[in-house]
Amino acid sequence: LSCYDSSGPVVLNPFSRIDVSGGVLGVQNVNGINPLKFAGGVLDISGTGVLDTMGTEASASYLTFQNGTTVFSGSSEFRTSTQSYDNAYPQILPLDGCEARVRFEDHAIQKDCSCSWIVGNVAGGRGYLEYASDREHGYWDIGNKVRFIGRKVVLGGVRGYGEMSVEDGSVGVGWGGLFVGAPTDATKKESMAFEGSEGVLKVSGGALEVQGYYGTGWASRMISGFCIGYGGAIPDGFSPSGRPYRGRVEMTGGSLGVRWGLFVLGTGYGSGTFVQTGGEAVLSSADSNNANSLLVGFAGGEGAYVISNGVFRTVQNVYVGGIGTNVLQKQTAAMVEAGNLPIHLHDAIGTVSVAGGEFMVTNRAQTAQMVLGADGVGTLERIGADGVCRVSNLVLSNTVENASSGGTLRFVFDAQNGLGPVEVEKSLVIGNGAKVEVELGSYEPTRGRLPLLTAASVTGAVDPREVSITGVCANRAHVVQSTDGLCLKVDRGAIILIR
């Protein structure tokens with residue numbers, strides 16, 4: 001199929017379908033016109049069938065899935081082999097009030113794709129990209145980029161929605177990285193007002209690998225890597241209400257690897273949440289600098305990493321509640337400013353909550369560190385006795401002028417099993433304004449001293465005025481600091497109150 005003017009597209013209407021079980025359905029976009037218009041219905045590519053965009057240049061390489069469902073099953077293929085990577089986008093852009101879905105099943109494959117997916121870029125529409133086949137899709141040597149999920153440009157106030165799921169097989173996302181909930185172009189200020197977007201990534205099986213980019217080209221003007229809730233590039237004169245760019249990751253199984261680039265939850269006018277109830281997430285790179293760190297809340301953004309089962313591991317640093325741009329190294333302050341991030345904001349909010357599983361920030365040299373509240377408010381929350389939270393070094397920081405900024409340690413006891421301590425392999429550094437919060441709830445201690453945090457060394461001291469304890473025996477409990485960590489001391493004996 002080919003269309004050279006506006007008079008000849010084939011329209012796939014609601015309640016209609018196209019079945020391709022063998023051969024090639026070639027769909028060539030010329031002069032920005034899709035020859036196959038998805039107005040509903042089903043496009044079923046099965047058996048050995050192939051859908052090929054046949055793009056020979058950037059202007060001929062767009063394919064827009066507007067409404068309806070497209071399923072690749074059997075041993076079918078989706079090819080975009082000759083597309084220019086600069087401006088080539090398969091787009092899942094459902095219209096207002098509609099849904100569009102692209103799904104890979106069985107042994108189907110997205111092959112030779114040098115393009116960027118855009119999912120959910122229209123106000124009021126819901127777009128879905130689903131990988132449930134057992135094949136390898138778009139690895140970096142092919143140059144694939146699934147770059148924007150939940151991206152949207154609007155003039156009104158209705159938010160768009162984009163969702164990607166990995167259920168089986170393996171999906172590689174390279175060069176520009178993966179963005180879950182982001183503006184139209186993460187590097188440019190647009191002339192229109194942004195009303196936000198919502199993106200969701202679900203990993204229940206298979207493997208997802210994400211690769212960012214360094215250098216002096218396009219990607220160096222932004223935070224590259226795995227970004228959830230990316231609220232940058234806000235136009236001049238427009239101040240969003242709250243954090244309208246919302247991203248969420250739900251990991252119940254499978255594996256997630258982030259190689260190169262940053263792993264960021266909540267940037268600028270965005271909020272990002274990672275909820276892990278299974279599987280393994282790994283942030284690693286041979287490049288040992290802060291351009292590979294996990295940032296939970298950055299440049300005024302709000303981020304949260306919540307784990308109750310599964311494993312998170314990194315040999316790099318973790319910053320919870322902001323980071324100074326001069327610490328980002330390869331992403332320098334000048335680069336970040338060129339990417340139009342609101343780095344004038346110093347009120348990032350970050351929370352890491354460990355209720356089970358394993359949350360590990362360690363390396364052999366014991367140089368990896370978790371920093372709380374470097375440019376905002378950062379909280380490490382340990383809930384109950386299940387799982388492990390282990391870091392090589394922990395810093396409770398307050399390096400900005402905002403008096404409410406800084407690091408907080410929160411310990412929440414389970415009613416039956418108490419608390420598993422935070423394990424610091426090397427050093428705990430306590431800065432001015434650091435806070436300690438203990439929530440005993442209905443837990444009744446069976447011994448006088450309960451470890452909250454263990455460390456090989458402790459520098460600085462917690463101000464008693466910054467300690468709060470709640471629960472059934474709060475009036476008899478005290479946080480005690482020693483050279484090897486923090487513990488909760490519960491006074492024994494009878495207390496007689498005379499009024």
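How many aromatic pairs does a search of the whole structure find? Counting them up gives 14 aromatic pairs. Rings of Phe, Tyr and Trp (its six-membered ring) pair if their centres lie within 6.5 Å; planes under 30 degrees apart are stacked, over 60 edge-to-face, and the rest tilted.

Before going on: this is a predicted model, where local features need pLDDT of at least 70 and side-chain atom pairs count only at pLDDT 80 or more, while totals for chains, interfaces and linings use all residues. Residues are numbered from 1 along each chain as its sequence is written, and side-chain values use heavy atoms, with hydrogens and water left out.

**Exercise 1. Classify the pair Phe65 and Phe78, then place it in the chain.**

Step 1: the ring centres are 6.3 Å apart and the planes stand at 75°, so Phe65 and Phe78 make an edge-to-face pair.

Step 2: look up the strands (DSSP runs of E, at least two residues, numbered from the N terminus). Phe65 belongs to strand E8 (residues 63-65) and Phe78 to strand E10 (residues 77-79), so the pair links distant parts of the chain, 13 residues apart.

Step 3: check exposure. Both Phe65 and Phe78 are buried (under 20% relative accessible area, with exposed over 50% and partly exposed in between, using a 1.4 Å probe and protein chains only).

Step 4: look around. Phe65 and Phe78 belong to one aromatic cluster along with Phe38, Phe72, Phe104 and Tyr131.

**Exercise 2. Do the job again for Phe226 and Phe263.**

Step 1: with 5.0 Å centre to centre and 40° between the planes, this aromatic pair is tilted.

Step 2: Phe226 sits in strand E23 (residues 225-231) and Phe263 in strand E26 (residues 262-268), so the pair ties together parts 37 residues apart in sequence.

Step 3: Phe226 and Phe263 are both buried.

**Exercise 3. Work out the sheet that contains E10.**

Step 1: read the order. E4-E7-E10-E13 is an open sheet of four strands with parallel pairing (two strands pair if DSSP finds at least two bridges between them).

Step 2: find the edges. Strand E4 (24-26) and strand E13 (109-111) each pair on one side only.

Step 3: zoom in on one pairing. E10 and E13 run parallel over three bridges, and Arg79 has Lys111 in E13 as its bridge partner.

**Exercise 4. Find what sits over the ring of Tyr128.**

Solution: the charged end of Arg101 does, 4.2 Å from the ring centre (the rule wants NZ of Lys or CZ of Arg within 6 Å of the centre and within 35 degrees of the ring normal). Arg126 likewise lies over the face of Tyr161, at 3.9 Å from the ring centre.
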